[in-house]
Amino acid sequence: MGVIGTLVLTTTLAGVVGTGLGGALGALFKKDSNRTVSLLLSFAGGVMLSVVCFDLIREAIETKVSISTIIYATLFGVAVIFGLNYLIDRKTNPEVPHIDKNHPKTADNLDELIHSDHLEQHYKNKENRFGLFVAGIVMASAIALHNVPEGMTIGASYASNDGVMGSAALILAVLIGLHNIPEGMAVSVPLISGGMGKGKAVVITALSGAPTIIGALLGYLLGDIGALGLALSLSFASGAMLYVVFGEIIPQAILMYRSKMPTFSVIVGMMVGLLIIYV
């Protein structure tokens, strides 16, 4: 199997299969544990932080591209994901009754993070097919915003290792797959609650993980065109992931389980990340 084939297969397992598995679990149980999901998310966030800060950005620096270029590309990755999330939130939040001025400025549940609560509201209002289609597109876009940069981190890491699936890229793929399971549950449950068949809901949920593949290919192809391309790919993907971790995963994990445990889970995740990178 060639380089691209291996990358596509790996990210398909992480994105499509991981999200689809979550969708299947959601179809079977229709419930989740906020405590368990919170600790899993914060642990995955900690490992991602270690991989981004101690591996991907370090490799970007080692390309000998100017540090200012790396900083600007990282900040650009943060700004792009923040800006797109802001636009989607501004459009969808007013349409969900429980999200008002007293609501936290970040998601406090998985269905809010990927806007499946927005789709469920459209189902409750018994809107026509076009309205449901638009709501579904919004939800898919919100999921893509998380999955594309996740895929880019795998692709950029892959490119930095000369097209070999190194430990960092492999661990990232496994982590992203695990992180996609609760996201998949959050997608399928409202779809099924809204009247969609379980099989169809699971298939749609699995397909929502496909942007991970697109992100991986973008990260790899950009990183494969030379030192500057590799530095830009690694830095942009790192910035995007830093925003996802600090702006969404960690705040959401704390709001879902209000204790000190998510903090310790992040720290443990970071230590595990260091072991993965350097052992």
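Me: What share of the contacts in the chain with a separation of 6 or more comes from residues 24 or more positions apart?

Reply: Such a share tells you how far along the sequence the partners in a contact lie. In this predicted model, residues 24 or more positions apart account for 82% of the contacts with a separation of 6 or more.

Me: Which helices and strands does the chain have, and in what pattern along the sequence?

Reply: Begin with a count of the elements, then read their order. Here there are 11 helices and 0 strands, and the pattern along the sequence is accordingly α-α-α-α-α-α-α-α-α-α-α. The radius of gyration of the chain is 18 Å, close to the 19 Å that the globule rule gives for 279 residues, so the chain is as compact as a globular protein of that length. Along its principal axes, the C-alpha trace spans about 55 × 40 × 30 Å.

Me: How should I read burial, and what percentage of the 279 residues is buried?

Reply: Burial is judged from relative accessible area, with under 20% counted as buried and over 50% as exposed. By that reckoning, buried residues make up 52% of the 279 residues in the chain. The accessible surface comes to about 12600 Å², and 69% of that surface belongs to carbon and sulfur atoms.

Me: Is Thr-19 buried or exposed, and which residues does Thr-19 touch?

Reply: Thr-19, which lies in helix H1 (residues 3-29), is buried because its relative accessible area is 2%, under the 20% cut-off. Leaving aside residues up to four places away in sequence, Thr-19 touches Ala-14, Asn-180, Gly-184, Thr-205, Ala-206, Ser-208 and Gly-209.

Me: And Leu-75, is that residue buried or exposed?

Reply: Leu-75, in helix H3 (residues 67-92), counts as exposed because its relative accessibility is 52%, over the 50% cut-off. Leu-75 and Ala-237 are 162 residues apart in sequence, while their C-alpha atoms are 10 Å apart in space.

Me: How far apart are the end C-alpha atoms of helix H9, and what span should its residues give?

Reply: One can compare the span expected from the residue count with the distance in the model. At 1.5 Å a residue, the 13 residues of H9 (residues 211-223) should span 18 Å, and the end C-alpha atoms are 18 Å apart, so the two agree. Within H9, the buried residues include Pro-211, Thr-212, Ile-213 and Gly-215, with Ala-216, Gly-219, Tyr-220 and Gly-223 also buried.

Me: How many positive and negative side chains are there, and how far apart are the centres of the two sets?

Reply: The chain has 16 positive and 18 negative side chains, and the centres of these two sets lie 9 Å apart.

Note on methods:
Residues are numbered from 1 along each chain as its sequence is written. This is a predicted model: local features need pLDDT of at least 70, side-chain atom pairs count only at pLDDT 80 or more; totals for chains, interfaces and linings use all residues. Side-chain values use heavy atoms; hydrogens and water are left out. Helices (H or I, at least four residues) and strands (E, at least two) are DSSP runs, numbered from the N terminus. The expected span of a helix is 1.5 Å times one less than its number of residues. Buried means under 20% relative accessible area, exposed over 50%, partly exposed in between (1.4 Å probe, protein chains only). Contact means heavy atoms within 4.5 Å. The radius of gyration is taken over C-alpha atoms; the globule rule is 2.2 Å times the number of residues to the power 0.38. Accessible areas come from the Shrake-Rupley method with a 1.4 Å probe; for residues, only the protein chains shown count as cover. Lys and Arg count as positive and Asp and Glu as negative; His and the chain ends are not counted. The place of a charge is taken as NZ of Lys, CZ of Arg, CG of Asp or CD of Glu.
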